[in-house]
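Trainee: I would like to learn how to read a protein model from its overall shape down to a single backbone angle. Could you walk me through one?

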Amino acid sequence: MTLPQKNSFWYDERFQKIFLQVIILLIVCLIFWFFCRNLVINFQRLRLSFGFGFLFDSDRPASFAIGDSPIAYSPTDTYFRALLVGLVNSLRIMITGIFLAISLGIVIGLGRLSDNWLIRQLATIYVETIRNTPLLLQLFFWYFAVFLKLPKIEESLEFFGRVFLNNSGVYLPFPANSFRTWLALAIIILGIIISVFLSLKNKLSLCLTSLLILVIIPLIWGLQWQNPQVNPLNQNIDFGLHLSSEFATLLIGLTVYTAAFIAETVRGGIQSVNRGQWEAAKALGLKPLLVMRLVIFPQALPVIIPPLTNECLNLVKNSSLAIAIGYNDIYAISSTIANQTGKAVEMLTVVMATYLFFNLVISLTMNQLNKRVKIQER
């Protein structure tokens, strides 16, 4: 028997890598085929059918009410309409929660490095307390011990005549539907786009000027606000923005919990910057705030963003705990539909695809941001 020669393609490193990848891909495909085959066999054994047509069937209405519906919905609508309500509710929590958690996390992270002893200790207590207690327990605390213990609507806590707090939620001022408001919003959006473009071009002075003229001024004097008003006839609060107690609980819980982890990420990123950078910036006469904004934080961003991405993904996945406090997100509504129709596999597929899509979008966005802030070595 002749042995293969050393120059044979079996000894080619490139062939070996491709061959190994093909084998792994075949194994993955076989595993996937095995589970799909079992699923089909079990469906046939139970005389069930797989499909999503029931979501759009107008003859099979959802037949359940949704308390926190940001879009028009009634129990006579289709299951797809109910799912759409859950999707919008999930997006409200995810987008607002990520923005607030990052903002609060940066503040707490900077507080952990403050020269002020009291601020540093308070930030440390916050991080160690929140980070080491279960999120579900915190949600129960905010819901049962805080919001449900607030007074009724007719005895609402009032702040400055514009903010009302009661056991049904929070009532806040909201921009009025007028031409002046829409014009101001258009100017604000244009100002944000211009400011981002100027910041990418490192024109910080022009960026701050555009923020002041096109964003801050229209935001303060351009928008017409609609304040909540107590209606004595039906003992309710009309107008303004109403955040239900379930929505407010989930938003506060996710924000406070995730911000504790983001704070440690920010602290670690800032401390990774060489101490000589601090000393050099101070030697140039820069004030501490400018040192952080212009020298330290830009160098810390490449270290901060990868773990920050993980925390944003965790917030999205943790939002599924909304079902524990009765908030109707995509997961809660899918569970209700599965119980009514027996389409558990289909609804699990919808939920998995939804969260996968959200997380892929976040990962792609944060990866692109990480490439932009990455320090280019010369």
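Mentor: Happy to; we will go from the whole chain to one residue, keeping in mind that this model is predicted.

Trainee: Which helices and strands should I expect, and how many of each?

Mentor: You will find eleven helices along with eight strands in the protein. The radius of gyration is 27 Å, whereas the globule rule gives 21 Å for 378 residues, so the protein is more spread out than a compact globule. The C-alpha trace spans about 95 × 70 × 45 Å along the principal axes.

Trainee: What share of the residues is buried?

Mentor: Buried here means under 20% relative accessible area. By that cut-off, 34% of the 378 residues count as buried. The protein exposes about 23,700 Å², and 67% of that area comes from carbon and sulfur atoms.

Trainee: And what do the contacts and charges look like?

Mentor: Among contacts with a separation of 6 or more, 65% are between residues 24 or more positions apart. As for charge, there are 29 positive and 19 negative ones, with mean positions 10 Å apart.

Trainee: Now the backbone: what sign does phi usually have?

Mentor: Most residues other than glycine have a negative phi. S63 is not a glycine, yet its phi is positive, at about 65 degrees.

Trainee: Where does S63 lie, and is S63 buried or exposed?

Mentor: S63 sits in the loop between helix 1 (13-45) and helix 2 (79-112). S63 is exposed, its relative accessible area being 52%.

Methods: Residues numbered from 1 in each chain as written. Predicted model: local features only at pLDDT ≥ 70, side-chain atom pairs only at ≥ 80, totals over all residues. Heavy atoms only, no water. Helix = DSSP H or I, 4+ residues; strand = E, 2+ residues; numbered from the N terminus. Rg over C-alpha atoms; globule rule 2.2 N^0.38 Å. Buried < 20%, exposed > 50% of the residue type's maximum accessible area, 1.4 Å probe, protein only. Contact = heavy atoms within 4.5 Å. Areas by Shrake-Rupley, 256 points an atom, 1.4 Å probe, with all protein chains shown as cover. Lys, Arg positive; Asp, Glu negative; His and termini not counted. Charge placed at Lys NZ, Arg CZ, Asp CG, Glu CD.
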